[in-house]
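Open the model in your viewer and keep the sequence panel beside it. This tour says what to select at each stop and what is there.

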Amino acid sequence: MNVAMELINVNKNIGKKHIIKDLNLSIHKGEVFGLLGPNGAGKTTTIRMMVGLMKMTSGDIQIEGHSIRKDYKNAVRHVGAIVENPEMYPFLSGWKNLKHYARMIPGITDERIHEVIQLVGLQKAIKEKAGRYSLGMRQRLGVAQALLHRPSILILDEPTNGLDPAGIREIRQYIRKLAEEEDVSVIVSSHLLSEIELMCDRIGIIKNGELLSVEDVKDSQDDEENTELSVTLNVSPLKEAMEIVSSFPIKSEGEHSITVKATREQIPDIIKSLVQADIQIYEVNVEKTSLEDKFFERIGENTIA
Ligand SMILES: Nc1ncnc2c1ncn2[C@@H]1O[C@H](COP(=O)(O)OP(=O)(O)OP(=O)(O)O)[C@@H](O)[C@H]1O
């Protein structure tokens, strides 16, 4: 696996506060990685360290093999980022904004400007004044700007904040395109799983400055056979039914129902053994365990927030 960025035992103290605690993480080439955590979890602090805007207290971050501590310039030149609101001139067109920004970077041609516009899908609106852009379009112009110098890692702090569902869908589309077609690694942070789960390959949960778990999103969505299902059985008598299904992990118990975790293949066996024991089955309800449920289970809590 090719690693684009590696965080090694990263710690950050501000005053007496230990804000980031021993963070170890590898970002793979061409993947979209989500950093998920509630407000105050440490996402922005982590991102500020990744882009070199904030010093670590201890540890190191290697970007494309260059240590941000020892070889800052060569490390951060591989990174493009939007950490705060992207700077732009509202009275200039999108094109002129990019052109103005490109002047500050040696070797950026008009051709490259066209390329980044294409990458974020802003062709139609590029002649319009940036001040008339919607939030989603401003975001895309910011991403285009961050891509001009051909970074191999793009970092976006809370890119879905304030966007409507259509805006979130657009950002998802161009972020996946960047990762798949341009081999850019993308790191996005969010406090809402639902807003990033469809765009990420992996998601790391951060809480109180600690990385609690890293989950493969695609695996858990694609692997039908091993997909864990929640099977709710409305049965009578409940107590006897419980004994029969006791070999399956029990998720919850209702007044007349019981919910167990099982794969699709196991469902006929569960029903058969209940019928054989003369248990009345009134209803069987099967649901996919959501990614959110899996996260909660893994971190042993009821909520990410
Ligand atoms: N300059 C600072 N001085 C003191 N504490 C700070 C400072 N910057 C951040 N913190 C604290 O560090 C913790 C992590 O903050 P951070 O902004 O990284 O979280 P976050 O996950 O990005 O949350 P949000 O989504 O609210 O920005 C918080 O408890 C915050 O109060």
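Two strands pair if DSSP finds at least two bridges between them. With that in mind, select strand β11 (residues 229-236) and strand β13, which pair in the antiparallel sense over 6 bridges. The model you are looking at is a predicted one.

**The whole chain**

Zoom out before going further. The protein chain has 11 helices and 14 strands. Taken along the principal axes, its C-alpha atoms fill a box of roughly 80 × 45 × 35 Å. Of the 305 residues in the chain, 33% are buried. Among contacts between residues at least 6 apart in sequence, 69% join residues at least 24 apart.

**A sheet with β11 and β13**

Go back to β11 and colour Val 231. Which residue in β13 stands opposite Val 231? The answer is Val 260. Now add strand β12 (residues 250-253), which pairs with β13 (residues 257-262) in the antiparallel sense over 3 bridges. Here Ile 250 has Val 260 as its bridge partner in β13. Val 260 therefore appears twice on this stop: opposite Val 231, and as the bridge partner of Ile 250. β12 and β13 form a hairpin, with 3 residues between them.

Add β14 to see the open sheet of 4 strands, in the order β12-β13-β11-β14, with antiparallel pairing. β12 and β14 (280-288) are the edge strands; each has a single partner strand, so one side of each has no neighbour in the sheet. From one strand to the next, the twist averages 20°. As background, strands of a sheet pair through backbone hydrogen bonds, either parallel or antiparallel.

**The helix across the sheet**

Select helix α10 (residues 267-276). α10 lies across β11, β13 and β14, and runs at about 165° to β14. How many of the 10 residues of α10 are buried? The count is 1, so the helix is hardly covered. After α10 comes Asp 278, whose phi is positive, near 65°.

**A proline in a loop**

Select Pro 237, in the loop between β11 and α9 (238-244). Is Pro 237 buried or exposed? Pro 237 counts as exposed, because there are 11 C-beta neighbours inside 10 Å and the limit for exposed is 12 or fewer. Then draw a distance from the C-alpha atom of Pro 237 to that of Ile 281: the two are separated by 9.3 Å, although they are 44 residues apart along the chain.

**The other sheet on this tour**

Move to strand β1 (residues 3-14) and strand β4 (residues 58-63), which run antiparallel and are joined by 5 bridges. Within this pair, Leu 7 has Ile 61 in β4 as its bridge partner. Both strands belong to an open sheet of 4 strands with the order β2-β1-β4-β5 and antiparallel pairing. At the edges stand β2 (17-28) and β5 (66-67), each with a single partner strand, so one side of each is left without a neighbour in the sheet.

**The ligand**

Finish by selecting the ligand and the residues around it: Ile 14, Lys 17, Ile 19, Gly 37, Asn 39, Gly 40, Ala 41, Gly 42, Lys 43, Thr 44, Thr 45 and His 191. β2 and α1 (43-50) are the elements that give two or more residues to this shell. α1 gives the most, with 3 residues. By class, the shell has 3 nonpolar, 7 polar and 2 charged residues.

Conventions
Residues are numbered from 1 along each chain as its sequence is written. This is a predicted model: local features need pLDDT of at least 70, side-chain atom pairs count only at pLDDT 80 or more; totals for chains, interfaces and linings use all residues. A residue is near a molecule or strand if its C-beta atom, placed from the backbone, lies within 6 Å of it. Ala, Val, Leu, Ile, Met, Phe, Trp, Tyr, Cys and Pro count as nonpolar, Asp, Glu, Lys and Arg as charged, and the others, Gly among them, as polar. Axes are lines fitted to C-alpha atoms, for helices over the stretch in contact, and angles run from 0 to 180 degrees between N-to-C directions. Two residues are in contact if their C-beta atoms, placed from the backbone, lie within 7 Å. A residue is buried if 20 or more other C-beta atoms lie within 10 Å of its own, exposed if 12 or fewer, and partly exposed in between; C-beta atoms are placed from the backbone.
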